[in-house]
Amino acid sequence: MPRLDHVNIEARDAAPMVCFLKAVLGAEEGPRPPFPFPGHWLYLDGHPAIHINTVERDEDFPAGLFNHVAFGPYDRDEALERVKSTGFRFRQGQIPGTTIGQIFVHGPEGILIELQYRL
């Protein structure tokens, strides 16, 4: 059955984006094929789930078609402590009618990441 393999992010400044994703998601930087353009691959549970390409762009991510990407499940207390320690703006929510809690974290260049946990 098909599944989501990875997310590709085009960042103007990759270093803050890498630091943000490491801090918020617990991602680890790992091997990346020798593409002819700069970038980074971040791994979650040993899988290269986030690919970052360094690009030139004048503005932050435009609001619109793509709003955010969600990762989970995380342990609520650990995730909340990690997010609070980053200093990034966040808000909490819950998917109505479910036992899924959400932490939305606003990061560099206008990116929005959701961490899910079970209530």
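Start by selecting Glu10 and Asn53: Glu10 stands opposite Asn53, a residue of strand E4. Keep in mind as you click around that this is a predicted model.

Now widen the selection to the two strands. E1 and E4 run parallel, paired over five bridges. Stay on Asn53 for a moment, since this residue of E4 is also the bridge partner of Gly39.

That takes you to the other side of E4. Select residues 39-44 for strand E3 and 47-54 for strand E4: the two are antiparallel, with six bridges between them. Further along, Tyr43 has Pro48 in E4 as its bridge partner. Then go to the turn. The E3–E4 hairpin has two residues between its strands, and Asp45 there has a positive phi near 50°.

Time to show the whole sheet. It is open, made of four strands in the order E1-E4-E3-E2, with mixed pairing. Colour E1 (7-11) and E2 (28-30) as the edges: each has a single partner strand, so one side of each lacks a neighbour in the sheet. From one strand to the next, the twist averages 35°.

Next, bring in helix H1, residues 14-25. H1 lies across E1, E2, E3 and E4, and runs at about 155° to E4. How much of E4 is covered? Six of the eight residues in E4 are buried, so to speak of this strand as mostly covered is fair.

Pick Ile52 and show what surrounds it. Leaving aside residues up to four places away in sequence, Ile52 touches Ile9, Ala11, Ala14, Met17, Val18, Leu21, Pro38, Gly39, His40 and Leu42.

Ile52 is also a good way into the largest nonpolar core, which has 28 residues; Leu21, Leu25, Ile50, Ile52, Ile113 and Leu115 are the ones that touch the most other members. Colour the core by element and you'll find two or more residues from each of E1, H1, E3, E4, E5 (69-74), H2 (76-86), E7 (100-106) and E8 (112-118). H1 gives the largest share, seven residues. In soluble globular proteins, nonpolar side chains tend to be buried together.

Last stop: H1 against H2. Their axes come within 8 Å and cross at roughly 150°. Select Ala23, Val24 and Leu25 on the H1 side, then Arg82, Val83 and Thr86 on the H2 side, to see where the helices meet. Coloured by residue type, this contact shows four nonpolar residues, one polar and one charged.

How values were computed: Residues are numbered from 1 along each chain as its sequence is written. This is a predicted model: local features need pLDDT of at least 70, side-chain atom pairs count only at pLDDT 80 or more; totals for chains, interfaces and linings use all residues. Side-chain values use heavy atoms; hydrogens and water are left out. Two strands pair if DSSP finds at least two bridges between them. Axes are lines fitted to C-alpha atoms, for helices over the stretch in contact, and angles run from 0 to 180 degrees between N-to-C directions. Contact means heavy atoms within 4.5 Å. A nonpolar core is a set of buried Ala, Val, Leu, Ile, Met, Phe, Trp, Tyr and Cys residues joined through side-chain atoms within 4.5 Å. Buried means under 20% relative accessible area, exposed over 50%, partly exposed in between (1.4 Å probe, protein chains only). Ala, Val, Leu, Ile, Met, Phe, Trp, Tyr, Cys and Pro count as nonpolar, Asp, Glu, Lys and Arg as charged, and the others, Gly among them, as polar.
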